[in-house]
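Q: Please take a close look at one part of this predicted model. I would like the packing inside explained, and then how it sits in the rest of the chain.

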Amino acid sequence: MGRQNQSTRATSQGKQHFSHPHNLKIVNPADQAKTLTCNACEQPDNNNPYLHGCNSCQYYLHENCFNSPRFLNHSSHPSHPLTLHQIPTYSSRSFTCKACGSAGNGFCFSCACCEFDIHLQCASYPSSILVDKHPHQLELHFGSPYEDKSMAYVCDICNVIMNKDNWLYYCASCDFGSHLKCTISPEVGVFPKQQRPIPNPTVNTINAANEAHEQIIAAQLRAQIEARGREAALDLLRPSGRRYSYI
């Protein structure tokens, strides 16, 4: 009789996620009677091969949403790292996304001290893209691309006036701009490389100093032990009437 593989057993029992008290097991959307919606990004399964879910609680997460980092350094808010929250921290239990301007009730990346919140999916927009609607690369801007921030402008795809505080994709050489949603649908939970959590240089320096200090202490202890061992060996060769004490 073969033993059950540990990874197989762990998969059958599900995986833990900070957002839910029960283990989340693999759920095949095709086996469900209705379309499943991800509790993190509030989007349907979108033909994902599977989700992590708790059927008894009707709680589901896309694979990418399940693996999203708890902390994110995002270039839209360089002052502080953003923390992933399952539920908005406000009494209303909702937030207004600084990226797209729409309300949200699901997961959000948040900076509590600045009251800065963005959807999980908005945090996934790449910093630059190429699309079939424009011949040049579009750059992600975190607000109006113009020096005059009061200037109104319209989306060159849907021709609707854009909110000057919201993010947009923009080509400076052609003065071509568009809403985020008019350009692409990002792969939720896949973040641009420069927006992934980065090591803190101060912490790294402290850790390196601590490690060096520990190595010095260890070397000193080894030297003391060796010295005591040599002294003990010599003591065996000395006359028995002489006694020595070691500190």
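How many residues does the largest nonpolar core have, and which of them have the most contacts inside it?

A: The model is predicted, and everything below is computed from it. The largest nonpolar core has 34 residues. Leu61, Phe109 and Ile118 have the most contacts inside it.

Start with the elements behind this core. Those giving two or more residues are strand 4 (59-62), helix 2 (63-66), strand 6 (82-85), strand 9 (108-111), strand 10 (116-119), strand 12 (138-141) and strand 13 (168-171). Strand 9 gives the most, with three residues.

Now look at strand 9 itself. In a regular strand the side chains alternate between the two faces of the sheet. In strand 9, both faces are covered. Cys108 and Ser110 lie on one side, Phe109 and Cys111 on the other, and all four are buried. Buried here means under 20% relative accessible area.

Strand 10 repeats the pattern. Its two faces are also covered. Phe116 and Ile118 are buried on one side. Asp117 and His119 are buried on the other. Note that Asp117 carries a carboxyl side chain yet still counts among the buried residues.

How do these strands connect? Strands of a sheet pair through backbone hydrogen bonds, either parallel or antiparallel. Strand 9 and strand 10 pair in the antiparallel sense over four bridges. Phe109 stands opposite Ile118 in strand 10. Both of these residues are among those with the most contacts in the core. Cys108 has His119 as its bridge partner in strand 10.

The two strands form a hairpin, with four residues between them. Glu115 sits in the turn, with a positive phi of about 50 degrees. Most residues other than glycine have a negative phi, and most peptide bonds are trans.

Strand 9 also has a partner in strand 6. They pair in the antiparallel sense over three bridges. Here His85 stands opposite Cys108. Cys108 therefore faces a histidine in each of two pairings: His85 in one, and His119 of strand 10 in the other, while Cys108 is itself buried, under 20% relative accessible area.

Leu61 brings in another region. Setting aside neighbours within four places in sequence, Leu61 is in contact with His17, Ser19, Leu24, Cys38, Asn39, Ala40, Leu51, His52, Phe66 and Phe107.

Leu61 falls within strand 4 (59-62). Strand 4 belongs to an open sheet of four strands, in the order 1-2-3-4, with antiparallel pairing. Strand 1 (15-17) and strand 4 are the edge strands, each pairing on one side only. The twist averages 35 degrees from one strand to the next. Strand 1 and strand 2 pair over two bridges. Lys15 stands opposite Leu24 in strand 2. Leu24 is also one of the contacts of Leu61.

A second, separate core has seven residues. Tyr146, Tyr153, Leu168 and Tyr170 are among them.

Two loop residues deserve a check of the backbone. Glu42 has a phi near 60 degrees, a positive value in a residue other than glycine. Glu42 lies in the loop between strand 2 (20-27) and strand 3 (51-54). Its relative accessibility is 35%, which counts as partly exposed. Asn159 has a positive phi of about 65 degrees, though it is not a glycine. Asn159 is in the loop between strand 12 and strand 13. At 58% relative accessibility, Asn159 counts as exposed.

Charge pairing is brief to describe. The structure holds one salt bridge. Asp132 and Lys133 form it, with the closest N and O atoms 3.8 Å apart. Asp132 is exposed, at 74% relative accessible area. Lys133 is partly exposed, at 41%.

Finally, the whole chain. It comes to four helices and 14 strands. Buried residues make up 32% of the 247 residues. Of the contacts between residues at least 6 apart in sequence, 51% join residues at least 24 apart. The accessible surface comes to about 15,700 Å², and 52% of that belongs to carbon and sulfur atoms.

Methods. Residues numbered from 1 in each chain as written. Predicted model: local features only at pLDDT ≥ 70, side-chain atom pairs only at ≥ 80, totals over all residues. Heavy atoms only, no water. Core = buried A, V, L, I, M, F, W, Y, C linked by side-chain atoms within 4.5 Å. Buried < 20%, exposed > 50% of the residue type's maximum accessible area, 1.4 Å probe, protein only. Contact = heavy atoms within 4.5 Å. Pairing = 2+ DSSP bridges. Areas by Shrake-Rupley, 256 points an atom, 1.4 Å probe, with all protein chains shown as cover. Salt bridge = Lys/Arg side-chain N within 4 Å of Asp/Glu carboxyl O. Axes fitted to C-alpha atoms, helices over the stretch in contact; angles between N-to-C directions.
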